[in-house]
Amino acid sequence: METGLTRRGFIRLSASAAAGVYFSGLFKIVSAAEPQPSFTFAYISDTHLYARSPEHRFIRNFERAIDDANSLEPQPDFILFGGDLAQLGQKEELELGKEILSRLKAKTYMMVGEHDWYLDMGEKWRELFGKDRYSFDHKGIHFVVLNSVIEEDFWTARKMSPMERMKTVAGLDNSVQGRFMVGEEQRAWLKDDLAKVKKDTPLIVFSHSPLYKYYRPWNFWTEDADEVQAILTPYEKVTVIHGHTHQVLTNRIKNITFHGMLSTAWPWPYAPEGLPQYTQQMDRADPFNRFDACGWGTADLLKIGQVDKKYYLWDRNPMTITYERVASGVIPQPPDNFHSGASY
Ligand SMILES: [Fe+2]
Ligand SMILES: [Fe+2]
């Protein structure tokens, strides 16, 4: 422990940096000239719960993220859950997820992932959590939560059971399922929702799949991403934060900045092609360490209406992807301290 800090102590220090506390050594020095956030929210995503035993590692990892988020001082304004709460959409998994989420101190907003949806087409999820798409305003920012995992019906003609449908969507390379979409009906809802929003109001959109086309064989892809982007680009300040890809991931298309969320359950490797050049890559996960390359994160809302994204990688140094760096178009190089095995 080079710094003498505990992990939780570090998280507290990170939060206090926003309040003007400076620290050095292993960590970045925060200069007085840097914009301070107007507020912070946190995310937890892709817990993939199996309701098997309370000792299952995915449950314990989720509880670790809850504990970490509850340790933030000051508390974030809210926590966004990024989807894939369950592994196979079963009611026991979703109910367990709701129970664990109820331990969070901060208000929680929910988003749905494909693992939550395709056993009963979202019936249980909606019963527990409400609408799968909605918007809200918070401190001058307009937030939108989308269901981006809609697929065309591939199951009826094949006479699939609900579990066959669920497992097909949960799988990667298969020629059976379609592509994730926001869909025409929801795009019309989005247009209508944004019609009342001024063009200079900052927008933050949450989607489970990335709202761009990264790598189709793994469903790191939203089929109607171009149409959704066209709805968003007239707005001056747009950030999309998504789950599903389980990795540090950054992109910028026109004026839209995209950030991925970490998973608490497992990290996906980077796809063999299509990785956005703006991404500062994580090292490969240590397969012998169940926490490695997993984690959670926060987003600092800068006064300019843009986002600095923090990735709290367990058992590694945290990473901050600043808006300034992404907007400058500089292709990132790995920092000196960007290696697994660091403890804090
Ligand atoms: Fe996931
Ligand atoms: Fe997913």
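This is a short tour of a predicted model, stop by stop, with something to select at each one.

**Whole chain**

Start by colouring everything by confidence. The mean pLDDT is 88, and 86% of the residues reach 70 or more. Now pick out residues 1–6, where the pLDDT is below 50; beyond near neighbours in sequence, this stretch has eight contacts in the model. Do likewise with residues 13–32: the pLDDT is below 50 there too, and beyond near neighbours in sequence the model gives that stretch 21 contacts.

Switch to cartoon and you should be able to count nine helices and 14 strands. Of the 344 residues, 42% count as buried. As for how the chain folds back on itself, look at contacts with a separation of 6 or more: 72% of them join residues 24 or more positions apart.

**The six-stranded sheet**

Next, select strands 4, 5, 6, 9, 11 and 10, in that order, and you'll walk across an open sheet with mixed pairing. At the edges are strand 4 (134–138) and strand 10 (250–253); each has a single partner strand, so one side of each is left without a neighbour in the sheet. Tilt the view to see the twist, which averages 20° from one strand to the next.

Zoom in on strand 9 (residues 238–242) and strand 11 (residues 256–260). This pair is parallel, with five bridges. For a landmark, show His-242 and its bridge partner in strand 11, Gly-260.

**Strand 1 and its partners**

Jump to strand 1 (residues 37–44). Which way does strand 12 (residues 295–302) run against it, parallel or antiparallel? Antiparallel, with six bridges joining the two. Put Tyr-43 in sticks and look for Gly-297, its bridge partner in strand 12.

Now add strand 2 (residues 79–81), which runs parallel to strand 1 and is joined to it by three bridges. Here the pair to display is Ala-42 and Ile-79, which stand opposite each other.

**The main nonpolar core**

Two residues from the last stop come up again here. The largest nonpolar core has 80 residues, and Tyr-43 and Ile-79 are among those with the most contacts inside it, along with Ala-69, Val-144, Val-205, Phe-206 and Trp-296. Helix 2 (residues 57–71) gives the most to this core, with six residues.

Centre on Val-205 for a closer look. Setting aside neighbours within four places in sequence, what is Val-205 in contact with? Show Val-144, Leu-146, Leu-232 and Val-240 and you have the set.

**Helix 8**

Leu-232 leads straight to helix 8 (residues 225–232), where it is buried together with Ala-225 and Val-228. Look down the axis: these residues cover an arc of only 65°, which puts them on the same side of helix 8. To see what covers them, bring up helix 7 (184–194), strand 6 (203–207) and strand 7 (213–215), plus strands 9 and 11 from the sheet; these are included in the cover.

**Helix 3**

For the last stop, select helix 3 (residues 91–101). Which of its residues are buried? Glu-93, Leu-94, Leu-96 and Gly-97. Try the end-on view again: their arc is 160°, so they sit on the same side of helix 3. Finish by showing helix 4 (114–117) and helix 5 (123–129), which are part of what covers these buried residues.

Methods. Residues are numbered from 1 along each chain as its sequence is written. Chains are lettered from A and ligands numbered from 1 in the order in which they are written. This is a predicted model: local features need pLDDT of at least 70, side-chain atom pairs count only at pLDDT 80 or more; totals for chains, interfaces and linings use all residues. Two strands pair if DSSP finds at least two bridges between them. Helices (H or I, at least four residues) and strands (E, at least two) are DSSP runs, numbered from the N terminus. Axes are lines fitted to C-alpha atoms, for helices over the stretch in contact, and angles run from 0 to 180 degrees between N-to-C directions. pLDDT is the predictor's confidence in each residue, from 0 to 100. Two residues are in contact if their C-beta atoms, placed from the backbone, lie within 7 Å. A nonpolar core is a set of buried Ala, Val, Leu, Ile, Met, Phe, Trp, Tyr and Cys residues joined through C-beta atoms within 7 Å. A residue is buried if 20 or more other C-beta atoms lie within 10 Å of its own, exposed if 12 or fewer, and partly exposed in between; C-beta atoms are placed from the backbone. The arc is that of the directions from the helix axis to the C-beta atoms.
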